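The following dialogue between a learner and a teacher concerns the reading of a protein model. Please consult the sequence and the structure as the turns proceed.

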Amino acid sequence: MANFFHIPVLTKEILNYLNLKKGGVYIDCTLGGGGHSEAILENIYPHGLLIGIDQDIEAIETAKEELKSYTDNIKLVKGNFKNLEGILTDLKIKTVSGIIFDLGVSFHQLKEKERGFSFKEDSHLDMRMDLTQEFNADTLINSYSEKDLAEIFEKYGEERFSKRIARLIITERKKKAITTTKQLSDLVIRSLPRTKKRHTWRIHPATRIFQAIRIEVNQELKALEKGLNQAIRVLENKGRMCVISYHSLEDRIVKHLFKEIEREGKDQGDYGLKIITKKPIRPSSEEIRENPKARSAKLRVAEKIIRVKGR
Ligand SMILES: C[S@@+](CC[C@H](N)C(=O)[O-])C[C@H]1O[C@@H](n2cnc3c(N)ncnc32)[C@H](O)[C@@H]1O
């Protein structure tokens, strides 16, 4: 399904790697517009169950409408995947057959001006995925110290000019609060050295800063680590998890965690992981042509192996 909300990425590959079985229970930890969920439902219907989780109420509402022909086979939960085990306990479900994560923001969140995720539109600096959360990008930019700002730009944006940008934010916010996406992106450009002329930009300089702020506002990397660890625990034997990431910080976490659990599982423990994709799967050039936003996607897949006691 490709609706206005989001075009799902690597769908054929996800379906293939999940090894879907009739009657299985699957979790889509990042429901968005429900594109991946619908593809899964098409393949398990009329049996099985799909649990769709998203922390964005707008995603839940859209997916509810898009998936209305499958109401007997879905449970939609507004929540954060960092609480995956708690969500499953509430649903009285112990183990599941497969799990997907399609990380980051949806096209809807990026395009919807009021959500404040994009420097291409001028709006209030918000960037919350969960609209019930109080902390937003405006609070971050106007309250963090120069050192903390520089640190998140460096750590989450891998930005070379973190310190210069943080310094100018502090100077400017003393004169006037920085509350809009345009104010912030203009300021990022102003803080670059004069030699960094516009025609030398590979990507817009605000890209990395907006990514860093988004990650901090939504605590994305912490949620990812928690969510992945819980996902591995709730998988049944031979259950698979598929994770699509869109930048190196996310991909690194997935890769290292898979490797660590695979190694630990071999040495000891009740379960381990078998890494199915030695190298991440990338979208085909055809998919990228049709959906340029897919170009940075990387899919990693692992299978849970439960050890038989006494062996
Ligand atoms: C790339 S979109 C998913 C698109 C979806 N696969 C589709 O086909 O429409 C990512 C979604 O994950 C949600 N999300 C990101 N981090 C989350 C978290 N920690 N817990 C719950 N939802 C999260 C976002 O709100 C967004 O709607």
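The turns below go from the overall fold to salt bridges and then to single residues.

Q: What kind of model is this, and how are its residues numbered?

A: This is a predicted model, in which local features need pLDDT of at least 70 and side-chain atom pairs count only at pLDDT 80 or more, while totals for chains, interfaces and linings use all residues. Residues are numbered from 1 along each chain as its sequence is written, and side-chain values use heavy atoms, with hydrogens and water left out.

Q: How many helices and strands are in the chain?

A: Helices (H or I, at least four residues) and strands (E, at least two) are DSSP runs, numbered from the N terminus. The chain holds 13 helices and seven strands. Its radius of gyration is 21 Å, close to the 19 Å that the globule rule gives for 311 residues, so the chain is as compact as a globular protein of that length. That radius is taken over C-alpha atoms, and the globule rule is 2.2 Å times the number of residues to the power 0.38. Along the principal axes, the C-alpha atoms fill a box of roughly 65 × 45 × 40 Å.

Q: Which share of the residues is buried, and what does the chain expose?

A: A residue is buried under 20% relative accessible area, exposed over 50%, and partly exposed in between (1.4 Å probe, protein chains only). Here buried residues make up 53% of the 311 residues. The chain exposes about 15,700 Å², of which carbon and sulfur atoms supply 49%; these areas come from the Shrake-Rupley method with a 1.4 Å probe, and for residues only the protein chains shown count as cover.

Q: What share of the contacts joins residues at least 24 apart?

A: Contact means heavy atoms within 4.5 Å. Among contacts between residues at least 6 apart in sequence, 71% join residues at least 24 apart.

Q: How should the charges be read, and how many salt bridges does the count give?

A: Side chains of opposite charge can pair when their charged atoms come close. A salt bridge is a side-chain nitrogen of Lys or Arg within 4 Å of a carboxyl oxygen of Asp or Glu. By this rule the count comes to 17 salt bridges. For the charges as a whole, Lys and Arg count as positive and Asp and Glu as negative, with His and the chain ends not counted; the place of a charge is NZ of Lys, CZ of Arg, CG of Asp or CD of Glu. The mean positions of the 57 positive and 45 negative charges are 6 Å apart.

Q: Where in the chain do D56 and R115 lie, and are they buried or exposed?

A: The side chains of D56 and R115 meet in a salt bridge, with 2.9 Å from N to O. D56 lies in the loop between β2 (49-54) and α3 (57-66), and R115 in the loop between α5 (107-111) and α6 (137-143), so that the pair links distant parts of the chain, 59 residues apart. D56 is buried at 0% relative accessibility, and R115 is buried at 3%.

Q: Which parts of the chain do R233 and E85 link?

A: The closest N and O atoms of the R233 and E85 salt bridge are 2.9 Å apart. R233 belongs to helix α11 (residues 220-234) and E85 to helix α4 (residues 84-90), and this pair links distant parts of the chain, 148 residues apart. R233 is partly exposed at 40% relative accessibility, as is E85 at 27%.

Q: Where do R208 and E159 lie?

A: R208 forms a salt bridge with E159, the closest N and O atoms being 3.0 Å apart. R208 is in helix α10 (residues 206-218) and E159 in the loop between α7 (146-157) and α8 (162-175), so the pair ties together parts that are 49 residues apart in sequence. R208 is partly exposed at 28%, whereas E159 is buried at 2%.

Q: Which residues is I209 in contact with, leaving aside its neighbours within four places in sequence?

A: I209 lies in helix α10 and is buried, with a relative accessible area of 0%. Beyond its neighbours within four places in sequence, I209 is in contact with F153, E159, I165 and V188.

Q: Which contacts does A206 have on that basis?

A: A206 also lies in helix α10 and counts as buried at 0% relative accessibility. With neighbours within four places in sequence left aside, A206 is in contact with F119, S185 and V188.
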